[in-house]
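Colleague: Could you walk me through this structure at an easy pace? I would like to ask about whatever catches my eye.

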Amino acid sequence: MPKKCLVINLDRCTGCDSCIVSCKFENSLPLGVYYNRVLAVGPTGTYPDIERYNLPVQCQQCEHARCIEVCPTGASYRDTETGVVLVNRDDCIGCRYCMYACPYGVRSFDKEAGVVGKCTLCSQLTADGYSKPACVHNCPGSARFYGDLEDPESDVSKELAKYDDECIHQLPAPDGEAPLTRYILSPKYASWKENL
């Protein structure tokens, strides 16, 4: 099964929020609903040695997705062809168990529709096998990459191959979620913080 995910190069992320805006526009998200957000990590340190970086956070496409395990209706599921974690809005009863199970807080409840939504890696765009998610396409810093971690010729694999292991990070996985999203942060810019 493919391991479709995002790789985000924090060395290049300016915190402009274009990923948030393009996601909301592409997915017609109502006020208060976000599938993507950008956190400011820091500043930390003592002047003049101060560090700060921007951390975009969205569905981490976990290999061990707790959100799927706790869903009583099967609305949260993994697509068998793409491997992407999705939500079937028709089967969602709005119980929000998946929101509580997600350690990253990246699911949103749409009060008007009464259902939970999340980043789908723009499956409506990427189903053709050529297009990129809106956030990747619209990133002015070219900090976002989309592809299959299992494919060495994918954009994500090629970007990761440019960096040493010390520069490649994942969000903490408190219950063994094994998130697929990778972040690149070079020590010369800032040190990766495990606890946000």
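Modeller: Gladly, and please keep in mind that this is a predicted model. We can begin with Asp17, which counts as partly exposed at 33% relative accessibility. Asp17 lies in the loop between strand 1 and helix 1, and its phi is near 70°, a positive value in a residue other than glycine.

Colleague: Which other residue has a positive phi although it is not a glycine?

Modeller: Leu121 has one, with a phi of about 55°. Leu121 is placed in the loop between strand 7 and helix 4, which covers residues 123-126.

Colleague: And is Leu121 buried or exposed?

Modeller: Leu121 is buried, with a relative accessible area of 1%, whereas Asp17 is partly exposed at 33%.

Colleague: While we are on the backbone, where are the cis peptide bonds?

Modeller: One cis peptide bond joins Gly42 and Pro43, with omega at about 5°, and Pro43 is found in strand 2, which spans residues 36-46. Another joins Tyr47 and Pro48, with omega at about 10°, and Pro48 sits in the loop between strand 2 and strand 3.

Colleague: Changing topic to the inside, how many residues does the largest nonpolar core have?

Modeller: The largest nonpolar core has 41 residues, and those with the most contacts inside it include Leu6, Leu10, Tyr53 and Trp192. Several elements each supply at least two residues of this core, among them strand 1 (4-9), helix 1 (18-26), strand 3 and helix 5 (134-137). There is also a second, separate core of nine residues, which includes Cys5, Val7, Leu149 and Ile184.

Colleague: Why would nonpolar side chains be found together like that?

Modeller: As a general tendency, nonpolar side chains in soluble globular proteins tend to be buried together.

Colleague: What is Leu6 in contact with, once its neighbours within four places in sequence are left aside?

Modeller: The contacts of Leu6 include Gln58, Leu121, Pro133, Val136, Phe145, Tyr146 and Thr181. You will recognise Leu121 there, the buried residue with the positive phi.

Colleague: You mentioned Tyr53 and Trp192 in the core, so how are their rings arranged?

Modeller: The count for the structure comes to two aromatic pairs. Tyr53 and Trp192 form a pair that is stacked, at 6.0 Å centre to centre and with 15° between the planes. Tyr53 lies in strand 3 (residues 49-58) and Trp192 in the segment after strand 10 (182-184), so this pair ties together parts that are 139 residues apart in sequence.

Colleague: Are those two rings in buried or exposed residues?

Modeller: Tyr53 is buried, with a relative accessible area of 4%, and Trp192 also counts as buried, at 14% relative accessibility. Together with Tyr183, these two residues form one aromatic cluster.

Colleague: Which rings have a charge over them?

Modeller: Lys24 lies over the face of Tyr34, at 4.4 Å from the ring centre. The charged end of Arg96 sits over the ring of Phe109, 3.8 Å from its centre.

Colleague: What about the cysteines, how many disulfides does a search of the whole structure find?

Modeller: The search finds zero disulfides. For Cys62, the nearest cysteine sulfur is that of Cys59, 6.5 Å away, and because a disulfide needs the two sulfur atoms within 2.5 Å, that pair does not qualify. Cys98 is in no disulfide either, with the sulfur of Cys92 the nearest at 6.2 Å.

Colleague: Where do Cys62 and Cys98 stand, buried or exposed?

Modeller: Cys62 is buried, with a relative accessible area of 11%, and Cys98 counts as buried at 8% relative accessibility.

Colleague: Last one, then: what is Glu159 doing in helix 6, and what does its side chain make a polar contact with?

Modeller: I can only speak about its surroundings: Glu159 is found in helix 6, residues 155-161, and is buried, with a relative accessible area of 1%. The side chain of Glu159 makes a polar contact with the side chain of Asn9, at 2.9 Å. Glu159 and Asn9 are 150 residues apart in sequence, yet 8.5 Å apart in space from C-alpha to C-alpha. Leaving aside neighbours within four places in sequence, Glu159 is also in contact with Val7, Arg12, Phe145 and Ile184, and of these, Val7 and Ile184 belong to the second core we talked about.

Definitions and conventions. Residues numbered from 1 in each chain as written. Predicted model: local features only at pLDDT ≥ 70, side-chain atom pairs only at ≥ 80, totals over all residues. Heavy atoms only, no water. Phe/Tyr/Trp six-rings, centres within 6.5 Å; stacked < 30°, edge-to-face > 60°. Helix = DSSP H or I, 4+ residues; strand = E, 2+ residues; numbered from the N terminus. Buried < 20%, exposed > 50% of the residue type's maximum accessible area, 1.4 Å probe, protein only. Lys NZ or Arg CZ within 6 Å of the ring centre and 35° of its normal. Contact = heavy atoms within 4.5 Å. Polar contact = N/O pair within 3.5 Å; in protein donor to acceptor, adjacent residues only side chain to side chain. Core = buried A, V, L, I, M, F, W, Y, C linked by side-chain atoms within 4.5 Å.
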